[in-house]
Amino acid sequence: MAQEIDFQKCGFGTRMIHAGQAPDKAYGALATPIYQTSTFCFDTVEEGSSVFSGERVGFAYTRGGNPTIAALEAKYAALEGGEAAIATASGMGAIGGVLVGLLSQGDHVIRGTCVYGCTDQVLRETMSRYGVEVSEVNTGDLEAVKNAIKANTKLIYFESMTNPTMVLTDIEAISKIAHEKGIKVVVDNTFTPPPEIYPLQLGADFVVHSSTKYINGHGDVIAGAIIGKAEDLLPIRKGITSKILGTTPGPIDSYLVLRGMQTMELRMKRHCDNGLAIAKFLESSPYVKKVYYPGLESAEQHDLAERLMKGNYGGILSFELKEGIQGMTAYDACKKVVNAFTIPSIAVSLGDPGTLVEHAASMTHGNVPEAERVKAGITNDLIRVSVGLENIEDLLADFQKAFSVLA
Ligand SMILES: Cc1ncc(COP(=O)(O)O)c(C=O)c1O
């Protein structure tokens, strides 16, 4: 009965619990079974041939499809309000799938200046090896985006909120500019998943995710997703990701993501509440030079944040400390504070239940050339925090204690 409901019309919590998951037909298992098999067998050669040719719906080999992965793909589509989705074994698998699936030699891509370090490497080094031209543009500057468009521009690629500088892009405005020229828009929505930002509703053509982060939400899986129109996804699915280059996630990981997504509404609410509370704490600290969190009323992009995120400002933020505290450089002061934390772990990634802190210049963005990091605003003094789901009183007390080493 559950399958007859159009979950796109339901609230976020309902959608994330039920979409893609119906009781299993074999035994009525309510939780989606983990079909841990590499291959599927047939009663006859004729049956096998018809599944392989696509005449008959079915599964043949897990690299190309599997019932547990199919359930996850339906839930990914429901997450973003997309028609279809491709599950991948990592966020980079999703990003690589879109780039390799949609671009050919001689094409041109406009990319946001500040992107995740490995994405930067793919766009800066790998794509050029295959004869794809890439222009780096501040996607916050609409005129700059318009001016960068060429006759061979195929894609505009950016992060909904940049990693680690938390700069938002007006997705609606960029999509309008792109579509007038027949260009597709790809948004990495890892930092601001629903219920924060819905890029497809704002006109983007593809959303990519590192589901490793908020979507799975438990810090125990590497996974990714590409979401969009079924027709747009076809060349990626058939030619690149699952079938050919093999970026398919395993059934157990797919099950874990399915399980994690069922509590996404509750988790995201807590991440947003805790994120705002920590951002306000940092803003009020006399040692802090700048807080990167567009949810703060004082933030330069607060109006855009309000329009895009409608009060759900998320749990990820960065900050820089002032120079000269106790005669230290800002970087040394950062290290002193971070080393004094008890509850947060010093670790990359984000969206885990526990709070994570990292030094972007030497960790997540360590593979970006220094000059490019500076251009993207990633200073040596910048600390990124993924605020977790702990009780906020405990987190605030731990931050206060850590900051007291600067007194
Ligand atoms: C914004 C963003 N996109 C993509 C990725 C890559 O995801 P994964 O580690 O799942 O491959 C990351 C990883 O940190 C990220 O921060």
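## Where two domains meet

Between domain 1 and domain 2 there are twelve residue pairs in polar contact, both residues at pLDDT 80 or more. A polar contact is a pair of N or O atoms within 3.5 Å; within protein, one must be able to donate a hydrogen and the other to accept it, and residues adjacent in sequence count only if both atoms are side-chain atoms.

On the side of domain 1 that touches domain 2, the elements giving two or more residues are α1 (12–18), α5 (117–129) and α10 (251–261); helices here are DSSP runs (H or I, at least four residues), numbered from the N terminus. Of these, α5 gives the most, with five residues.

This is a predicted model, in which local features need pLDDT of at least 70, side-chain atom pairs count only at pLDDT 80 or more, and totals for chains, interfaces and linings use all residues. Residues are numbered from 1 along each chain as its sequence is written, and side-chain values use heavy atoms, with hydrogens and water left out.

Here are the two domains, with bounds from an automatic or database domain assignment:

| Domain | Residues | Residues in the contact (heavy atoms within 4.5 Å) |
|---|---|---|
| Domain 1 | 2–261 | 42 residues |
| Domain 2 | 264–406 | 40 residues |

Their C-alpha centres lie 28 Å apart.

Charged side chains take part too: the count between the domains is three salt bridges, each a side-chain nitrogen of Lys or Arg within 4 Å of a carboxyl oxygen of Asp or Glu. You can look for a salt bridge between the side chains of K375 and E136 (3.9 Å, N to O).
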